[in-house]
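Colleague: Could you walk me through the charged pairs and the nonpolar packing in this model? I would like to go one question at a time.

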Amino acid sequence: MAITLVIGAQWGDEGKGRIVDFLAAGADVVGRFGGGANAGHTVRVGDKTYKLRIVPSGVLAGALDCIIGPGTVVSLDQFVEELRSLGAAGIDVSRVWLSDLAHVLLPYHIEQDRAAERARGDAALGTTGNGIGPAYVDRVARRGMRAGDLRDRARVRAIVERRCAELAREGIGADAAAIVARIEEHGPMVVPHIRDTVALLHDALRAGKRVIAEGAQGALLDVTFGTYPYVTSSSTVAGGAGAGLGFGPTAVEHVIGVAKAYATRVGAGPFPSELLDDVGERMRERGAEYGTVTGRARRTGWIDTVALRYVAAVNGLTHLAITKLDVLDGFDQVCMCTGYDGAPDASLPFQMSAPVKPVLRRFAGWTQPTTGARAYGELPPQARAYLDALAADVGVPISYVSVGPERSQIIVREDAPAKALASRA
Ligand code: IMP
C-alpha cells in the first residue's frame with residue numbers, strides 16, 4: 001500500500017503545501033482530508049505564487065487526480081473562485097474531485113462563526129471566520145448538506161429552508177431563497193467535479209498508484225489532541241486522514257510531519273516558546289509571517305520539541321520535513337524549547353492556560369546563507385548541528401529541509417524513504 005501522509009506538526013502554516021507540491025510530482029493522487037477554506041497554502045512555482053485554500057496543492061504539479069475528501073467542509077463560493085483563478089492561470093482543474101460525502105459550508109455558518117467569536121469577547125478563539133466550527137457542528141448534528149445533495153435541487157431547498165427556519169427561531173437571520181439561488185448558480189461549475197472519491201482512491205491504490213494525503217492546519221490545532229479550546233473543529237492528525245479520505249491504517253506507508261525551523265501560531269491560545277521581542281519580530285519579517293487567509297500577523301517563537309515529541313507520538317511520524325531554515329540565517333544564536341519548567345515533558349500539559357516557562361537549549365547561529373545549499377552537507381555546520389540535535393530530541397529523522405520558496409530549494413536526504421517518490425519528479 002502506498003499512501004504518504006503529510007501532516008502539519010505545529011499550529012499550521014508549516015509549509016505543507018510546498019512539501020506536497022514537491023512530492024506530488026511523483027504521485028498520482030493527492031487528497032485533502034479535512035478542514036476547508038480556513039487553510040491557506042502558498043506555493044511558488046517559478047515566478048508565480050499560488051494561494052490555495054480548498055483545492056489540494058498537488059494540482060500545481062500536473063495531471064493528477066486531486067481529491068477534496070469526505071472529511072472536508074467546502075464553501076461553494078470559495079471552491080468556484082479557486083477553480084476559476086486556477087483555470088485563468090492555465091492550471092488544469094479537470095481532475096479536481098469533490099467528494100460526494102464532503103459537507104457544504106453555507107453562508108449562515110460564516111455568520112454563526114463570526115457571531116460566536118464576537119460573543120466570546122476577550123476569550124475569542126481567533127478563528128479564521130470561515131464558518132468551519134458551525135459547519136462541522138451541523139455535520140455531527142446530522143443536519144448538514146453533503147456535496148452529493150447538490151445534484152438534487154429539491155433536497156438542497158429542503159435542507160436550507162429547514163435550517164434557516166431553525167436559525168430564525170434562534171434570532172439569526174438567513175435568507176433561504178438567496179442561499180438556494182446562489183447554490184443553483186454555482187451548480188453547473190461544481191456538479192461536474194462531484195464524485196465518489198472513495199472508489200477513485202481505492203481504484204488508484206489497487207492499480208499500485210502513489211497517493212498523498214494532504215493535511216490542513218497542524219496537529220496542535222486538532223480538535224481532540226490540540227491546545228483545546230484554541231483549536232480548529234476537525235481532526236488534523238494522522239488518524240484523521242483515513243477517516244477523512246476513507247482508508248484504513250494498513251494503507252499508510254510514510255507519515256511526514258512538516259515543521260518550520262522555528263514556530264508560529266495565529267489566533268489565540270498557548271504558545272510556550274513564543275517570542276515577544278525583536279528576535280520574534282525579526283522572524284516574522286524574515287519569514288513573511290502573515291496569514292494567507294486572514295492577513296493576520298503570526299505569533300513567532302522558537303521550535304518546541306516538547307510539542308514535537310507529542311506530535312510525533314500522536315501521529316506516528318516516520319519523517320520530519322523542516323521548512324524555512326533560511327529564515328534563521330544570520331541569527332547570533334538559535335534556540336530550541338526542550339522542556340517546560342515544572343511540567344512533565346512526556347506529553348503536553350492538559351491545560352496550558354497558565355503560561356508555562358520554556359526551558360531553552362541554545363545553539364550557535366550561522367552567518368553563511370543556507371539558501372544555496374542543495375545537499376545536507378552543504379549547510380553550514382552550525383545549521384547541521386541544530387538540525388541533528390532537533391532530530392535526536394524528537395526521535396524522528398529529518399528527511400527534507402527547505403531553504404527557500406523554490407521547488408529546487410528542498411534538500412532531500414539520501415536516507416529519505418520517500419526519496420523514490422520525490423525522485424520521479
Ligand atoms: P477555525 O479553523 O477557523 O475555526 O480557527 C480555529 C483556530 O485554528 C484559530 O486559531 C485559527 O487561527 C487556526 N487555524 C485554522 N486554520 C488554520 C491554518 O490553516 N493555519 C493556521 N492556523 C489555522
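Colleague: Which residue meets D149 in a salt bridge?

Modeller: A quick note before I answer: this is a predicted model, where local features need pLDDT of at least 70, side-chain atom pairs count only at pLDDT 80 or more, and totals for chains, interfaces and linings use all residues. Residues are numbered from 1 along each chain as its sequence is written, and side-chain values use heavy atoms, leaving out hydrogens and water. A salt bridge here is a side-chain nitrogen of Lys or Arg within 4 Å of a carboxyl oxygen of Asp or Glu. With an N to O distance of 2.8 Å, the side chain of D149 meets that of R155.

Colleague: Is D149 buried or exposed?

Modeller: Buried means under 20% relative accessible area, exposed over 50%, and partly exposed in between (1.4 Å probe, protein chains only). R155, at 41%, counts as partly exposed. D149 has a relative accessible area of 8%, so D149 is buried.

Colleague: How many residues apart in sequence are the parts tied together by R153 and E184?

Modeller: Their side chains form a salt bridge at 3.0 Å, N to O. Helices are DSSP runs of H or I with at least four residues, numbered from the N terminus. R153 lies in helix α5 (residues 153-169) and E184 in helix α6 (residues 176-190), so the parts they tie together are 31 residues apart.

Colleague: Which other residue, placed in helix α5, pairs with E184?

Modeller: E184 counts as partly exposed at 28% relative accessibility. The salt bridge has an N to O distance of 3.4 Å and joins E184 to R157. This pair links parts 27 residues apart, with E184 in helix α6 and its partner in helix α5 being R157.

Colleague: Turning to the packing, which helix gives the largest share of the largest nonpolar core?

Modeller: A nonpolar core is a set of buried Ala, Val, Leu, Ile, Met, Phe, Trp, Tyr and Cys residues joined through side-chain atoms within 4.5 Å. The largest one has 70 residues, and L328 and L387 have the most contacts inside it. Its largest share is seven residues, from helix α11 (residues 381-394).

Colleague: Why does this core lie between two domains, and which are they?

Modeller: Domain bounds come from an automatic or database domain assignment. The core lies between its two contributors because both give residues to it: domain 1 (3-99 + 194-253) and domain 3 (262-416).

Methods. Helix = DSSP H or I, 4+ residues; strand = E, 2+ residues; numbered from the N terminus.
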